[in-house]
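User: I would like to learn how to read the features of a protein model. Could you please guide me through this one?

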Amino acid sequence: MTSTGPEAIGRARPGVDPRVQAAIQGGREATESLLLELLPRVRNLVRYLVRGDGDVEDISQESLIALIRGLPSYRGEGVFHSWVDRVVARTTFAWLKRARGTEARRGEDALELVSVPSEDAPPDEYVHRRRMVMLLDRVPDEQRHAMVLHHVLGMSVPEVSDELGIPFETIRSRLRLGRAALRALATGEEGGAR
């Protein structure tokens, strides 16, 4: 059994990026550098999961805090970015659950996407991603969450089912309905532009 308590923090973990290892051990510069590198990824994932831009910065900040707190629990098994994505997704879902409990936050208008494209992404790819996120704003949240976890994060249907605590067949249905809704929205948008 792997220990994740204070005694494990000082030990090197085989196969873990040295920067990640330094951040796990509490190195301030390594942690800051790692968070700066992860920030665009975190913002983009949060934006894919929530409707509109209103809460993206707050949820991203809360996700970064969750990442810092969770670093000692990272065992070095699997890809670090996959672990980051799961922490961000869980933090986002927790935020959305709390928000639903206090008030309904439903913006009808799709807001401008605020994200940082990667430097190597061609402008057309950024425009396409931006358009897709704006279309996702018009898809029901249940379908949106399943599609983002499956298509953006690359989780299998059983993994999405486990992550959301929803039956396998329900996830398959949400994926099918979500893809159909996106196709209809994209086709309707293209037909209206002609």
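User: Let us begin with a single residue. Is Phe-80 buried or exposed?

Analyst: This is a predicted model, and the values discussed here are computed from it. Burial is judged by relative accessible area, and a residue under 20% counts as buried. Phe-80 has a relative accessibility of 12%, so Phe-80 counts as buried.

User: Which residues form ring pairs with Phe-80?

Analyst: A pair of aromatic rings is described by the distance of the centres and the angle of the planes. In this protein, the count comes to 3 aromatic pairs. In one of them, the rings of Tyr-74 and Phe-80 have centres 5.1 Å apart and planes at 75°, so this pair is edge-to-face. In another, the ring centres of Phe-80 and Trp-83 lie 5.7 Å apart with the planes at 25°, so this pair is stacked. Ring pairs thus link Tyr-74, Phe-80 and Trp-83 into a cluster.

User: Where do Phe-80 and Trp-83 lie?

Analyst: An α-helix has 3.6 residues a turn, so residues three or four places apart point the same way. Here, both Phe-80 and Trp-83 belong to helix H5, and they are 3 residues apart, about one turn of the helix. Trp-83 is buried, with a relative accessible area of 19%. Tyr-74 and Phe-80 are both buried as well.

User: What does the secondary structure of the whole protein come to?

Analyst: The protein has 9 helices and 0 strands. Read from the N terminus, the elements run α-α-α-α-α-α-α-α-α. The protein has 194 residues, of which 40% count as buried. Its exposed area is about 11,400 Å², and carbon and sulfur atoms supply 54% of that area.

User: How does one read the contacts between parts that are distant in sequence?

Analyst: One asks how far apart in sequence the contacting residues are. Of the contacts between residues at least 6 apart in sequence, 63% join residues at least 24 apart. Distances between C-alpha atoms offer another reading. Ile-24, in helix H2 (residues 18-24), is 44 residues from Ile-68 in sequence, while their C-alpha atoms are 8.3 Å apart. At 4% relative accessibility, Ile-24 counts as buried.

User: How is the shape of a helix read, for instance that of H3?

Analyst: One compares its span with the expected value and looks for bends along its axis. Helix H3 covers residues 28-49, which is 22 residues, and reaches 30 Å from its first C-alpha to its last, close to the 32 Å expected. H3 also bends by about 40° at Leu-38, and the proline Pro-40 follows within four residues.

User: Which residues does Val-84 touch, beyond those up to four places away in sequence?

Analyst: Val-84 touches Leu-38, Val-42 and Leu-67. Leu-38 is the residue at which H3 bends. Val-84 itself is in helix H5 and is buried, with a relative accessible area of 1%. Val-84 and Leu-64 are 20 residues apart in sequence, with their C-alpha atoms 9.3 Å apart.

User: What lies 3.1 Å from a polar atom of the side chain of His-145?

Analyst: Polar atoms of a side chain can be paired with backbone atoms as well as with other side chains. For His-145, the partner is the backbone oxygen of Leu-49, 3.1 Å from a polar atom of the side chain. His-145 lies in helix H7 (residues 141-152) and counts as buried at 10% relative accessibility. Beyond its neighbours within four places in sequence, His-145 is in contact with Leu-49, Phe-93 and Leu-96.

User: Where is Ser-73 placed, and how is its setting read?

Analyst: Ser-73 is in the loop between helix H4 (56-70) and helix H5 (80-102). Its relative accessible area is 38%, so Ser-73 is partly exposed. The backbone oxygen of Gly-70 lies 2.6 Å from a polar atom of the side chain of Ser-73. Ser-73 and Ile-24 are 49 residues apart in sequence, and their C-alpha atoms are 8.7 Å apart in space.

Methods:
Residues are numbered from 1 along each chain as its sequence is written. This is a predicted model: local features need pLDDT of at least 70, side-chain atom pairs count only at pLDDT 80 or more; totals for chains, interfaces and linings use all residues. Side-chain values use heavy atoms; hydrogens and water are left out. Helices (H or I, at least four residues) and strands (E, at least two) are DSSP runs, numbered from the N terminus. Buried means under 20% relative accessible area, exposed over 50%, partly exposed in between (1.4 Å probe, protein chains only). Contact means heavy atoms within 4.5 Å. Accessible areas come from the Shrake-Rupley method with a 1.4 Å probe; for residues, only the protein chains shown count as cover. The expected span of a helix is 1.5 Å times one less than its number of residues. The bend at a residue is the angle between axes fitted to the seven residues ending there and the seven starting there. A polar contact is a pair of N or O atoms within 3.5 Å; within protein, one must be able to donate a hydrogen and the other to accept it, and residues adjacent in sequence count only if both atoms are side-chain atoms. Rings of Phe, Tyr and Trp (its six-membered ring) pair if their centres lie within 6.5 Å; planes under 30 degrees apart count as stacked, over 60 as edge-to-face and the rest as tilted.
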